[in-house]
Structures are given as C-alpha cells and as structure tokens.
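Subject: Handover of a structure with a ligand

Dear colleague,

I am passing a structure on to you, and since it will be new to you I have written down what I found after the place where it is shown. Please have it open while you read.

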Amino acid sequence: MGSPAIAILGTGAYAPAKILTNEDLAKQVDTSDEWIFTRTGIRERRIAGADETTSSMAAAAARVAMADAGITAADIDLIIVATVTPDLPMPSTACFVQNHLGVPVSAACFDLNAACSGFIYALDTAWAMLGSGRYRHALVIGAEKLSSVVDWTDRTTCVLFGDGAGAVVLGPAKGTAQILGARLYAEGTHTNLLCIGGGGSNVPNPSANPEGPQRHITMKGREIFKIAVREMEEAARDILKQHGLEADRIACVIPHQANLRIIDAISQYLNLPADRFFVNLDRYGNTSAASIPLALDEARRSGRIKAGDTTLLVAFGAGLTYGSALVRW
Ligand code: UT7
C-alpha cells in the first residue's frame, strides 16, 4: 500500500495592523520611496505591536486556517513553525502556538529554521510525517517578527523586511489541493551572505561581552540577488521536470516575496508571463518564512487560484536554502 495522499485542507494569514510606508522610512534613514520601490517593488510593510509575538501572529493565522479546513485544535497532532525570529531561543515557538491554540499534548511541536525557504521545508517535512500514516492533521506555519532583528539604522536592510504569519492545515486528501511534490536544497558555502548576528553559541556570551555582536540582520544583497535567481530557477525547473510538466502548465506561481526584480527575472528565465506570478510584496515587504503562506492565502481567497490549478511554490533564503513544491487545487 502506498503513502496516503496529503492535501492542504485550509489556509490562513495574519498581518499586524501597523503599516510602515516607504515615506515613513525616509524620515528615519537616508532613503526614498522612489529608491525602495524601483529597486524592490515594496511600498509598505507591516510592523508587529509591542504585545505581538511570532507565536501570537502564528496562532492567529493558524486559527483562520483551521476554520477554513473545518477542524478544531483537538484534531491537530503536529505543529511545525518555520521561523528565524522565534519568541525565544528556547522553548520552541511551536510550543507557544500549541498553548495559544489549546492543541492536545499528544501533538508533536517543533520549529524549523530554513530562513525564507522555511515554509517549503516545513511543508515537505509535514507531508512526509503525515505520509507515514503516524500523524493525521498538521499545522504548517511560517511566522516572523523581523522588526525585532532589523537594524533600523541600516538603510540597506531595514527597508526590505516586514512582520506577519501564514498557515496551512495539512491532512488526508479528499480530492483537492493535493501536494504533488517538493524539493529542498541547501548551499552551505554561502552561510556568510545573510545572517542574524548575536544570540547564537558561536558568538561570545553577552554576559561576558556586552559589547559583542548585536542580534541584527546583515546581508550582502547584490550577491544574494544573483544566486537567488539561479537557485529559484533551478528549483522550479527540477520539480517541473520531475513531474513531466512544461512551465506553461503552471497556472499560478507563489514565489518568495523578496524583490520584484528577482521575480521578474525568474518569469523571464522560465518563459512564464509575469501575470502567472502572485505578488503582494508591495504591501508586506519580505516576511521571510511567512511570505509564501501569506501570499498563498491571499491568492486563494482572491480567486487567483482556482480548482484544478497547478500551483508552484518556490523560495530561497539564508543558508543559503532553496526549494519548490507543487500543489494541484
Ligand atoms: O529573503 C532573502 C533576502 N535577501 C534578498 O532578497 C536580497 C536580494 N538583493 C536585493 O534585493 C537587492 O540587492 C537590494 C534591494 C538589497 C539592493 O538593490 P541593488 O540594486 O542590488 O542595490 P546595491 O546594493 O547595488 O546598492 C546601490 C546603491 C548603493 O550606493 P552606491 O554605492 O552606488 O553609491 C547603496 O549604498 O544604493 C544604495 N542604497 C540605498 N539608497 C537609498 C542601498 N540601500 C539604499 C536605500 N536607499 N535603502
């Protein structure tokens, strides 16, 4: 007997209410709406309130996804939270989410760090765990409070990132939204290109070195740009080939929302019109692991994804990591 077919039974998203526009940022650092929009496609991003955490945003998105799937917290037996901004280094954000939602103690709950590819990594992991038959319903969540690790004096990074969360419920397929495949990659030779310094065991303990590295994002943007285009094209081509699909069979691509110029380059290389790519980064910026599930939920609810469509998810991120997944709705 083969593995049971697994589907996305529901989707949900949460974005904090506070909007930070490019004009707002231009009052804080030496930048402009014109520079940010032309170079990235971003107009504004959401910023979590002081009382909001990665886990509270994750739980809010998860509640919407569970309602969409028509299941309750009692049905969940696996929670995976993809994040680079956990509430704390320990315990896992997934355990906080479990507590917020009242998911039973029989559930396995853990975090996963694959940066901006985190949601696809978590989706593939949950798909495999459900495919084993030992788990029935999973919450797969991408959630970030990147405003807590952005250096607000660094114009090369602070204009790019935003906060938010997206979630899906995975469970036994009933004929729709079936996961067809996923591919994961990592290129650890490029760990230095995008990092959050501080807070890890490879830096001096802050109690011994209060002047040590700050817990801030640092990035070599131009290098990442080039590699990201190559990696996302490779991840897309590999999975299409594996499933014997020509690119034009993809009705909707949900790419990681980092930079519109990266998305446009992939559209050209895959020879797929730009209107097949769902884009909401103008309103949310780069929300790392949250970006794909946030966009996926919006694409579904706006009617951009229709029954029978084959959707390609494709991401890249720090690590560097990259990956792709195919879903037939
Ligand atoms: O999820 C993965 C996250 N990482 C990424 O997605 C990063 C991918 N990379 C990018 O998206 C782009 O490389 C950036 C948007 C980060 C930068 O765009 P760019 O076209 O590669 O610009 P650049 O880094 O080559 O900088 C061009 C100029 C520089 O000035 P000079 O040296 O030419 O005088 C920068 O100092 O733009 C300057 N600059 C800015 N100017 C105004 C950099 N940031 C800003 C800013 N406002 N915010």
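The notes below take up the ligand and its surroundings, then one helix, and finally a single serine.

Please keep in mind throughout that this is a predicted model.

The ligand

The ligand is surrounded by 22 residues, and those that come nearest are T31, R39, R222, N259 and N286. For three of these I can give the contact itself: T31 places a polar side-chain atom 2.7 Å from a nitrogen atom of the ligand, whereas the side chain of R39 has a polar atom 2.8 Å from a ligand oxygen atom, and R222 likewise brings a polar side-chain atom to 2.7 Å from an oxygen atom of the ligand. Taken on its own, the ligand has 960 Å² of accessible area, and the protein covers 75% of that.

As to where the shell comes from, two or more residues are given by each of helix 2 (33–40), helix 6 (155–158) and helix 7 (221–242), and helix 7 provides the largest share, with four residues. Both domain 1 (6–175) and domain 2 (180–328) contribute, each with at least three residues. In character, the shell is made up of 10 nonpolar, seven polar and five charged residues.

Helix 5

Helix 5 covers residues 118–131, which is 14 residues, and the distance from its first C-alpha to its last is 19 Å, close to the 20 Å expected at 1.5 Å a residue. Is this helix enclosed by the rest of the structure or open? It is largely enclosed, because 11 of its 14 residues are buried, a term that here stands for a relative accessible area under 20%. The buried residues of helix 5 include F119, I120, Y121 and L123 as well as D124, M129 and L130, and the glycines G118 and G131 are also among them. After helix 5 comes G133, which has a positive phi, near 85 degrees.

Serine 302

S302 sits in the loop that lies between helix 10 (291–301) and strand 12 (310–317). This residue counts as exposed because its relative accessible area is 51%, and the cut-off for that word is over 50%. The side chain of S302 nonetheless has a partner within the protein, since it reaches the backbone oxygen of E298 at 2.9 Å.

With best wishes

Conventions
Residues numbered from 1 in each chain as written. Predicted model: local features only at pLDDT ≥ 70, side-chain atom pairs only at ≥ 80, totals over all residues. Heavy atoms only, no water. Near = heavy atom within 4 Å. Polar contact = N/O pair within 3.5 Å; in protein donor to acceptor, adjacent residues only side chain to side chain. Areas by Shrake-Rupley, 256 points an atom, 1.4 Å probe, with all protein chains shown as cover. Nonpolar A, V, L, I, M, F, W, Y, C, P; charged D, E, K, R; others polar. Domains from an automatic or database assignment. Buried < 20%, exposed > 50% of the residue type's maximum accessible area, 1.4 Å probe, protein only. Expected span 1.5 Å × (residues − 1).
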